[in-house]
Amino acid sequence: MIYFDNAATTVPYNEVLRTYQEVARKIYGNPSSLHHLGTNASRILEASRQQIAGLIGVRPEEIFFTSGGTESDNWAIKGLAFEKASFGKHIIISEIEHPAVKESAKWLAKQGFSVSYAPVTSRGIIDVEQLGDLIRPDTILISVMAVNNEIGSIQPIRAISDLIADKPTVSFHVDAVQAIGKIPTSDYLTERVDFASFSGHKFHAVRGVGFLYKKSGKRISPLLTGGGQEKDLRSTTENVAAIASMAKALRMVTEKQEKALSKMRAMRDVMHQALQNYQDVTLFSEQENFAPNIITFGIKGVRGEVLVHAFETHEIYISTTSACSSKVGKPAGTLIAMGVPVKTAQMAVRISLNDDNDMGQVEQFLTIFKQIYEKTQKVR
């Protein structure tokens with residue numbers, strides 16, 4: 001079996017699962033309880049917060065635990081909007097954001113906020129100059145992803161940071177869900193970034209846990225109210241076992257990031273070179289300024305879902321576009337924003353690698369690809 005759908009979810013490391021099991025079994029107290037079982041749980045919780053903060057170069061008090069990327073995005077967008085509504089109601093997001101951001105913005109539009117969409121180039125990269133033209137006196141938030149989940153384009157977070165360096169009233173949120181272990185932290189967590197969203201299952205942790213980075217001094221309204229956990233900003237009993245195992249996963253990914261990046265880049269380049277030699281293959285991902293783990297392509301005349309199932313018969317698992325839109329049959333929204341015709345976008349499939357993959361799997365994929373390509377000749 002070859003798993004090439006790591007942008008959808010990663011396989012938890014064995015060490016991470018062991019940490020989860022051990023903490024769940026031994027540290028089962030509620031972190032808010034006053035007795036020693038609660039104190040033990042609270043210590044693990046805060047140690048995990050400290051470790052995560054250190055690994056991404058921020059302060060422990062700037063880390064808030066959530067259930068994953070979707071909640072973190074929703075909280076950042078909606079919580080910030082309502083917190084700053086008295087100062088303005090204009091929000092800017094890019095045309096290629098994840099549904100967790102796009103749908104949050106659409107929901108806010110129904111609540112009386114104004115939303116502008118920054119365009120992208122034909123390469124799927126935000127046009128910083130045009131984004132700048134959208135900024136108004138009542139703009140309170142800009143939200144941009146660090147790495148596009150559909151084609152892997154790396155967004156110009158540093159350039160946007162420079163653009164709004166003299167605009168302190170504009171908050172900057174980065175969806176960093178696809179960034180961990182794929183690009184340097186300094187490329188997406190600049191001094192100008194106020195909020196950033198993360199999801200554990202994208203970097204070998206278990207599902208259902210993530211965190212939000214909130215820069216010290218920045219205000220945000222809570223989405224969840226209740227017992228007052230997470231400094232009264234995110235009420236619900238913390239999932240200590242999942243949080244501790246997420247800290248473990250982040251440490252492991254960080255420690256081997258340099259070697260992993262080199263390995264993924266080498267695999268990506270071999271696949272990219274091989275695929276571009278086929279006449280009826282369209283490559284939507286590039287190599288320069290793109291994440292090292294994502295390759296999106298299509299075969300002329302072959303719908304993406306057909307290609308996904310063709311590979312599945314050989315136990316090779318890829319995806320159409322993002323996992324959130326693949327089952328409903330939507331073409332890649334990023335490709336549409338890039339100006340790709342709908343019929344062409346419907347051909348797109350995504351390979352997303354990880355350091356668990358190897359060159360032998362790449363060679364096997366290319367062998368099977370050649371067979372499928374030849375079988376689809378009549379369709380082409």
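This note covers the sheet, one helix lying across it, and the surroundings of Thr237 in a predicted model.

1. Sheet. Seven strands make up an open sheet with mixed pairing, and their order is β2-β8-β7-β6-β5-β3-β4. At the edges are β2 (63–66) and β4 (114–118), each of which pairs on one side only. On average, neighbouring strands of this sheet are turned by 20° against each other, direction ignored.

2. Pairing of β2. The partner of β2 is β8, residues 210–214, and the two strands run antiparallel. Four bridges join them. Within this part of the sheet, Phe64 stands opposite Leu212 of β8.

3. Helix across the sheet. Helix α4, residues 99–110, lies across four strands: β3 (90–94), β4, β5 (139–145) and β6 (171–175). Relative to β3, α4 runs at about 155°. One of the strands it crosses, β4, is also an edge strand.

4. Position of Thr237. Thr237 sits in the loop that links α7 (229–232) with α8 (240–255). Is Thr237 buried, partly exposed or exposed? Its relative accessibility is 44%, so Thr237 counts as partly exposed, given that the partly exposed class lies between the 20% and 50% limits.

5. Contacts of Thr237. Which residues does Thr237 touch, leaving aside neighbours within four places in sequence? Thr237 is in contact with Asn30, Pro31 and Gln229. As for Gly226, 11 residues away along the chain, its C-alpha atom is separated from that of Thr237 by 9.8 Å.

Terms used
Residues are numbered from 1 along each chain as its sequence is written. This is a predicted model: local features need pLDDT of at least 70, side-chain atom pairs count only at pLDDT 80 or more; totals for chains, interfaces and linings use all residues. Side-chain values use heavy atoms; hydrogens and water are left out. Buried means under 20% relative accessible area, exposed over 50%, partly exposed in between (1.4 Å probe, protein chains only). Contact means heavy atoms within 4.5 Å. Two strands pair if DSSP finds at least two bridges between them. Axes are lines fitted to C-alpha atoms, for helices over the stretch in contact, and angles run from 0 to 180 degrees between N-to-C directions.
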